[in-house]
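Open the model in your viewer and colour it by chain. The stops below say what to select and what is there.

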Amino acid sequence: MFSYYVQLGLRSLRRNPVLTALMVMAIGFGVAASMITYSVFRAVSGNPIPEKSERLFIPQIDSWGPKYNLPGNEPPYALNYVDAVALMRTHQAKRQTMLYPIELSALPLGGQSIPFTVEGFTAQSDFFAMFDVPFQYGSAWAAADDEHRAAVVVISRKLNDKLFGGENSLGREITLSGHNYRVVGVSENWNLKPRFFAAWGGTSFGNPSDIYIPISRAMDLRVDTAGSNSCRGHIDYGDWDGWLQSNCVWVIPWVQLDSTAEAEQYQQFLEGYAADQQRAGRYGWAPNVRLRNVMQWLDYLHVVPQESSVSLLVALGFFAICLINTIGLLLAKFLRRSGEIGVRRALGASRREIYLQYLIEAGTVGFAGGLLGLLLTALGISGVGLLFQPQIARLAHLDITLVGLTLLVSIFATVVAALYPTWRAAQVQPAWQLKSN
Amino acid sequence: MLQIKPILAALKRHKAGTILIAMQIALTLAIVCNALFIIQQRVERLSRPSGMNESDVLAITNRWVAVNDKDTASLNKTDVQALRQLPGVADAMATNSFPLRGGGWSTGVNLEPKDEGKPAAQTTLYFVDDHALAVYGSQLIAGRNFTSDEVIVADPKEIKSTPQVIVTKALADKLFPKGDALGKQIYLGGKDVPSSTIIGIVKQLQVPWSGTWANDFVENAMLLPAQLTGTYGIYLIRAKPGQLESIAKNAPETLLKTNRMRVISGDRAVRTYEKVREDAYKNDRGMAILMGVICLILLAITAAGIVGLTSFWVGQRRKQIGVRRALGATRRDILSYFLTENLMIGIAGVVIGAGLAVGLNLWMVTQFEMARLSVMYVLVGVVALLLLGQAAVLAPAMRASKVQPVEATRSV
């Protein structure tokens, strides 16, 4: 019966080519527009670390005071060096790291080729376990390396391929901006989207990192941040040490707290720390701290690019209009065949069968629209790069789920759109139709 | 002449179709109004002038490798001299940033030395030398340029101000609304930071950022005669007319020949100013194009929907039309019946749609940094959609008017 109805549906579609083309195009365009914007949105608004996002927190401490704070008396986005070091030293969280983005130059071995830029982060040994960094060779550096300010480095698989041809390079040395580092780990190519831990100060959708070095070593070598540095009021630092002591915020702290109890405890610890600073006269205001987890942090920073949420909204509205249009056209199409329906009903077809036949017919329209939509989606996604900056454009790509989703959404939407017209068709009174003929 | 009552009676029998068309018109109006508004805002931003003579400008981003920060000053100087001697180069300089680059310095300016409170104005800082105006191709409208003696070498972490500065007219007017900025003292920091004297006013220069957050001070720029040390720097080059392409190739090669210990790599390392502008506004332009395409398709689909449904109605009512024609209605009457019917549905649609458009905009204002929709857009949208409806209904209505009176006697 099903295949017979599909055949009937196809035949009926051929009978009104213009109306059919209109419907298929409406669905195709609507689905394509929604899918293209959705594919970008999906990439930027997802949870970058779903299994742990509830347990990773970024502590913020008010080091600027009410006069300079962000709107709503929100404390600065990051910590100054003094506070960051003090927080880490107490070791109140099970795992913790402070970090900041860096850009160094790498010199390939062999000497002949020219140097190139590598991007990465300074961090502490917990960084890798906290953020679940996968390793190809070796592992994170040890906590002792942080203390001993060791010249060690974790490099990405990509950089390892470039420098060592993909060999196991553990124990070998590389030169970064004129200083040697010993390779202790090679990470798999790893890039969170969005890169939540550097959502402020770095870039949320940047290139994957190539290097990670201990922050203590970077301090010794005075490696400047490649990310943001935000200062307020009287800027009185005159040199590197002055900068470290200043109110400029640029160090990003993260802590792992495995339960609500731990999180509450940490929150109290932060307040206690801020109160101590107030008592010591360092800060002239009451404690004002925040402890946000990954998703709260991304939400607070509005990490999803405005462009993508606005266009998703517009695309959804667009799809809604296309569906309304389809309802209207299906209504016209079905009711035009009232006579035919009357005959079928008179010959014994039940309402159920009318429903089935017309919903299947709508499904075939949806399928055709989905195919067109798929084509347009593929076209559109290859065109996103022409319209938007690469960091947004490369997030959009056509994969199996998107293909399936496109077809599914168009069939489902069309069938839903067909419910009312089908109901109207099933209400056709056989007697009335037969009489008027 | 207008047959409103019979139309209303007829529409009551086609509630579903009527509501569908009205809804479609309403939603289309809401989206098209907002989309047009977004397009207009983006285009306005796209066409903001940078204040530079943008043709024949090349920007090179340079990073020294394995070089001590302190030594970079002399290396930069050698580079700039090598660049200035290149045939085809009109002038060149080393700087920290330039209009639309994407990153740079911003700071508050005060009229008295103070540490606290809101600064008198926000500005970007361009650290340049006495060649800056020639490289920018910008006009000095008052005062004088820097002299080469005034250009100092400074560590970016230590420099707070320079004795002389050149400001843009926008910044001068913001600080000194009376227009007497030339020769006045300003302060770039707290009590222990020496004052700076405004020695010149340049007509226009944009900040390095194209984002909306910099909208408030988009033309507040200050030139300081200082060459910053540090491994990261930018060379801004003005080529002689017609020479830009060869300079884009030769300049990086010359630099590498002068000294190999540097990185000039990545797709943003060597950019003509045309590319800089394109990069800066790529998302804005993309958004405008996307919105434009969506608007066009949307209008087409709405028109197609109206054609489809009206054709159906005409087909359904052939007999009634025949009866009316037989009873003396002219073709004009039939035509105007369908046009009026569509106009009535259209008016209902645009009334709802105008409300939706404003509501959608108000909601977007709270969610995103977006300005309020002006009434003009809604009015233009209303007129456009009503006209679109009339145009779409014309073909089916014409067909209806050609129905012969004799059809009244035929069965369907």
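This tour of a predicted model goes from domains to the chain contact, then to the cores and a helix pair.

**Stop 1: the domains of chain B.** Select residues 4-46 together with 283-409 of chain B; these form domain 1. Then select 67-260 of chain B, which is domain 2. The C-alpha centres of domain 1 and domain 2 of chain B are 55 Å apart.

**Stop 2: where the chains meet.** Show both chains. On chain B, 43 residues are in contact with 46 residues of chain A. To find them on the chain B side, select helix 2 (15-46) and helix 8 (282-316) of chain B, the elements that each give two or more residues to it. Helix 8 of chain B contributes the most, with 18 residues. Colour this side of chain B by residue class: 23 residues are nonpolar, 13 are polar and seven are charged.

**Stop 3: the largest nonpolar core.** This core has 98 residues, and those touching the most other members are Phe318(A), Leu29(B), Cys33(B), Ala35(B), Met291(B) and Ile294(B). For its surroundings, select helix 2 (17-45), helix 11 (306-336), helix 13 (351-387) and helix 15 (400-426) of chain A, then helix 2, helix 8, helix 10 (331-367) and helix 11 (375-401) of chain B; each supplies at least two residues of the core. Helix 2 of chain A provides the largest share, 17 residues.

Now centre on Cys33(B). Leaving aside residues up to four places away in sequence, Cys33(B) touches Ala357(B), Leu373(B), Tyr377(B), Val378(B) and Gly381(B). A second core, separate from the largest one, has 66 residues, including Met98(A), Val118(A), Val133(A) and Leu270(A).

**Stop 4: Ala418(A).** Select Ala418(A) in helix 15 of chain A. Is Ala418(A) buried or exposed? Ala418(A) counts as buried because 26 other C-beta atoms lie within 10 Å, where 20 or more are required. Beyond residues up to four places away in sequence, Ala418(A) touches Leu330(A), Tyr358(A), Leu359(A) and Ala362(A). Add Gly363(A): 55 residues separate it from Ala418(A) along the chain, yet their C-alpha atoms are 8.7 Å apart.

**Stop 5: helix 13 against helix 15.** Two packed helices are described by the angle between their axes and the distance between the axes. For helix 13 and helix 15 of chain A, the angle is about 145° and the axes are 7 Å apart. The crossing of helix 13 and helix 15 of chain A is right-handed. Their contact has 16 nonpolar, ten polar and one charged residues.

Technical notes
Residues numbered from 1 in each chain as written. Chains lettered and ligands numbered in written order. Predicted model: local features only at pLDDT ≥ 70, side-chain atom pairs only at ≥ 80, totals over all residues. Contact = placed C-beta atoms within 7 Å. Helix = DSSP H or I, 4+ residues; strand = E, 2+ residues; numbered from the N terminus. Nonpolar A, V, L, I, M, F, W, Y, C, P; charged D, E, K, R; others polar. Domains from an automatic or database assignment. Core = buried A, V, L, I, M, F, W, Y, C linked by C-beta atoms within 7 Å. Buried ≥ 20, exposed ≤ 12 C-beta atoms within 10 Å, placed from the backbone. Axes fitted to C-alpha atoms, helices over the stretch in contact; angles between N-to-C directions. Left-handed = near helix turned anticlockwise from the far one by under 90°.
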